[in-house]
Every structure is written in C-alpha cells, then in structure tokens.
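The following exercises are to be worked with the sequence and the coordinates at hand. Each task is followed by a solution in steps.

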Amino acid sequence: MMTAVEQRTSNWIPGPILGIETSCDETAAAALAADGTVLANIIASQHAVHRRFGGVVPELASRAHIESIEVVSAEALQQAGLAWADLTGIAVTQGPGLAGALLVGVNYAKALAYVLNIPVVGVSHLEGHIASAWLQDPAFPLPCVVLVVSGGHTQLYYKEPNGHCRLLGTTRDDAAGEAFDKGAQLLGLEYPGGPAIDRLALKGNPEAIAFPRSYLKKGSLEFSFSGLKTALLYRLQAMPEQSRAAHAADLAASYQEAIVAVLVEKSFAAVRSSGARALAVVGGVSANSRLRALLQQRASSESLQLSLPPRAYCTDNAAMIAAAGRQALRAGLRAPLDIDAQASLPSSFAQVI
Ligand code: KG4
Ligand code: ZN
C-alpha cells in the first residue's frame, strides 16, 4: 500500500488508532484498540441530503462531511473511552472517491496527525473493503478469493498467503451496486437503490421474470451488468402503468436474482479455479439479504470457509479503513504531511497491501 510519497520508518509502537472515511456519502470515524479490536464505529449517513436528487451530489457531500467530521471523530473516541492523546496513528481514505469529499477527510487527518504528532497513512478505499473481511475474524485463512461488490467496484481477487492481492476478474461496464441503484431508479424506488430493492424483493418471486444473466464466455471471471439494466427498462416500457405497480415486487426480486446469481456463481468458480478453500465477500452489495443467503447455503454445501462481515462493515465505514491502516502502520509506513486525496487512485493499489 505504499505510494511514491510514503515513507518507511520502524519506530511505531502499536496503540489505539483512528480511522477516517469520507470518500462518498458517509462521514465515518472508527477507533481500534492496539490489538485491532473495533472499539467504536460511527457513521453519519448523508442519505437524507441526497435522496431528493436521486443520487449523490458531490458538492453537498463535501459540505456535509465538513459539518460532521469533527463530531463523528469525537464521538468515536468517546465511545471507545479514549482521549485524543491516547491515539498513536491515523488512517484515512486517500481514494478512490469524490475529490471534494476525500479532501475533507485527508485534510482533517493530516491536521490531527500534526497536532498530536502521530503518524498518518493514506489507505485505498478498496483495500479498506478487503480488510473488513478480517475485522471479526483476524484468523480467517489465506489464500482466499475476495469478491469486492460495491457502488464503484465488482472485482474478484486472489489474496495470497503473503497478503498480496491478484486481480482475477472485474466488471466490463457497471458495478453490481450501480446495477442495483439504476434498476431501483427505473422502478421508481428511493435512493439508495440497493437496500430499497432488497426490501421490496422480499415480497416478490425471484423466478417471476427471466432477466438475462450475463456469464460471458465459459470460465470467464469478468462481469457485465449493463444489459440487465436495459432489459429491465424494456420490460417496464412494455408494461401498462398500473401493471408496473402490481408487479413491482416480482420485478425487484427477479432483477436482484439476476445480479446475485452471477455474483455467487463467479465467486465459486474463482474459488474452484484458484484452488483456494476460503471466500470473502465485501462491499456495500454484500449487505444484500438474498446474496448473503445464497452465499451461506452454497458455502455450507461445499464446506467452504466464508467471511461475510456484519452489515455495518459491508457498506462504507471507517473500521475497515482503520484496519487496513493498522497493517500499514505495523509495516512501518507513514505518509508525509503533504499527502493529497487521489480521486482516481487505481484499484491496482490494492495489489500491494
Ligand atoms: O461500499 P459502499 O457503501 O460504497 C461504495 O464503495 O460504493 O456500496 C454502496 C453500494 C450502493 O450501490 C448500494 O445501493 C449498495 O452498495 N447496497 C446494496 C445494499 N446495501 C447497499 N445493494 C443491494 N442490497 C443491499 N442491501
Ligand atoms: Zn465503499
């Protein structure tokens, strides 16, 4: 996780650390104990701010982060029973994400590090999601396959015994979370779309409508979700207005099934082809109840070890950023105080954890 601007030192004595996450529409701060236990995981969601626009408005996100960052950080410390002076390091999301939103967290983290005279490390958001799989079970085995499914990513990695991640497959177009959000918009559901489809789908039949499941060519570990979204659009256009409402739950359940069936199938195909005996599934979409149920069933029938973090660690949070940052601090990394937010930090960043 070392960037060109990071430096290596060897004098970090493990102690409590604060994680900060502001890459999109959650202002989050978390405190970890010296042994990596999560002491507090505070999230101020901006969903109410963005809901009437149907998606995240970057400028409003930055402003909301500025308003909340200090309150959320102080609350994390208070809940953890820590004083500012107890902190021995800060981990902050450096990218990828919305530039203005990231800047709030990065600048706040740098200011804290300067005032407290402790090290700060910049963490890739993706690397944070991956680290969430080990938050509850630090002994979860390696090597394993990791599926990262969020609003911005749908990627399969092979995480080697030394912790390095090798990319096995990614999406050619939309991320799975994007497919949920765009589908929800077409169905007239509120933002954020993933949880809305999840809730509505509970009342519907997942086999009611045969939406296309894009497996691509045989053995492919790549994903594609844009055709599915178009199929939903055409299906809705062909329906009279009143029948859309009557079939909303079936549409949601069938659309959701087409996404999660492919995610499950490809994750297990990756496990088979890589020879790993463990699978971790992380990121916002891993909060989906149907995906969780299918993964659990399949893992138990194939006697595969599965790490499916609790929902609070699936969607954006700072505990995962603190966990990834803790690894970096333990490895002796620290960033200089002129590190900057990197809105398009490449996902390959996660390959050098
Ligand atoms: O990881 P995350 O919070 O932020 C990103 O890094 O993108 O993921 C957000 C994505 C959104 O697309 C949201 O709709 C989706 O995760 N999501 C869900 C659920 N909860 C969040 N998708 C399906 N079912 C859910 N329960
Ligand atoms: Zn995320």
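**Exercise 1. A charged pair**

Which kind of contact do the side chains of Arg63 and Glu59 form, and at what N to O distance?

*Solution.* The model is a predicted one.
Step 1. The contact is a salt bridge, with N and O 3.1 Å apart.
Step 2. A salt bridge requires a side-chain nitrogen of Lys or Arg within 4 Å of a carboxyl oxygen of Asp or Glu. The distance of 3.1 Å between Arg63 and Glu59 belongs to such a pair.
Step 3. Both residues lie in helix H2 (residues 58–80), where a spacing of four residues separates them by about one helical turn. In general, an α-helix has 3.6 residues a turn, so residues three or four places apart point the same way.
Step 4. Arg63 is partly exposed at 49% relative accessibility, and Glu59 is partly exposed at 46%.

**Exercise 2. A network of charges**

Determine how many salt bridges the whole structure holds, and identify the residues linked with Lys182 in a network.

*Solution.*
Step 1. A search of the whole structure gives eleven salt bridges.
Step 2. Lys182 shares a network of salt bridges with Asp174, Glu178 and Lys229.
Step 3. Within this network, the side chains of Lys182 and Asp174 meet at 3.3 Å, N to O.
Step 4. The two partners fall into separate accessibility classes: Lys182 is partly exposed, with 28% relative accessible area, while Asp174 is buried, with 7%.
Step 5. A further salt bridge pairs Glu302 with Arg298 at 2.7 Å, N to O. Glu302 is partly exposed, at 31% relative accessible area.

**Exercise 3. The length and setting of helix H9**

Compare the expected span of helix H9 with the distance between its end C-alpha atoms, and decide whether the helix is largely enclosed or largely open.

*Solution.*
Step 1. H9 covers residues 248–274, which makes 27 residues.
Step 2. The expected span is 1.5 Å times one less than the number of residues, which for H9 gives 39 Å.
Step 3. The end C-alpha atoms of H9 are 39 Å apart, in agreement with the expected span.
Step 4. A residue is buried when its relative accessible area is under 20%. In H9, 21 of the 27 residues are buried, so the helix is largely enclosed by the rest of the structure.
Step 5. Just after H9 comes Gly275, with a positive phi of about 80°. Gly275 belongs to the loop between H9 and strand E10 (278–282) and is exposed, at 52% relative accessible area.

**Exercise 4. Backbone exceptions**

Which residues does the cis peptide bond with omega near 0° join, and where does its proline lie?

*Solution.*
Step 1. The bond runs from Leu142 to Pro143.
Step 2. Pro143 is in the loop between helix H4 (125–131) and strand E7 (144–149).
Step 3. Although 132 residues separate Pro143 from Gly275 along the chain, their C-alpha atoms are 8.9 Å apart.
Step 4. A cis bond also joins Gly95 and Pro96, with omega of about -10°. Pro96 is located in the loop between strand E5 (89–95) and H3.
Step 5. Positive phi values also occur in residues other than glycine: Asn117 has phi near 55°, and Ser303 has phi of about 50°. Asn117 is exposed at 69% relative accessible area, and Ser303 is exposed at 63%.

**Exercise 5. The surroundings of ligand 1**

Which residues come nearest to ligand 1, and how much of the ligand's accessible area does the protein cover?

*Solution.*
Step 1. There are 18 residues around ligand 1, of which Gly151, Asp181, Asp198, Gly284 and Asp316 come nearest.
Step 2. A polar side-chain atom of Asp181 is 2.6 Å from an oxygen atom of ligand 1.
Step 3. Backbone contacts to ligand oxygen atoms include one from Gly284 at 3.0 Å and one from Gly177 at 3.1 Å.
Step 4. On its own, ligand 1 has 550 Å² of accessible area, and the protein covers 88% of this.

Technical notes
Residues numbered from 1 in each chain as written. Chains lettered and ligands numbered in written order. Predicted model: local features only at pLDDT ≥ 70, side-chain atom pairs only at ≥ 80, totals over all residues. Heavy atoms only, no water. Helix = DSSP H or I, 4+ residues; strand = E, 2+ residues; numbered from the N terminus. Buried < 20%, exposed > 50% of the residue type's maximum accessible area, 1.4 Å probe, protein only. Near = heavy atom within 4 Å. Polar contact = N/O pair within 3.5 Å; in protein donor to acceptor, adjacent residues only side chain to side chain. Areas by Shrake-Rupley, 256 points an atom, 1.4 Å probe, with all protein chains shown as cover.
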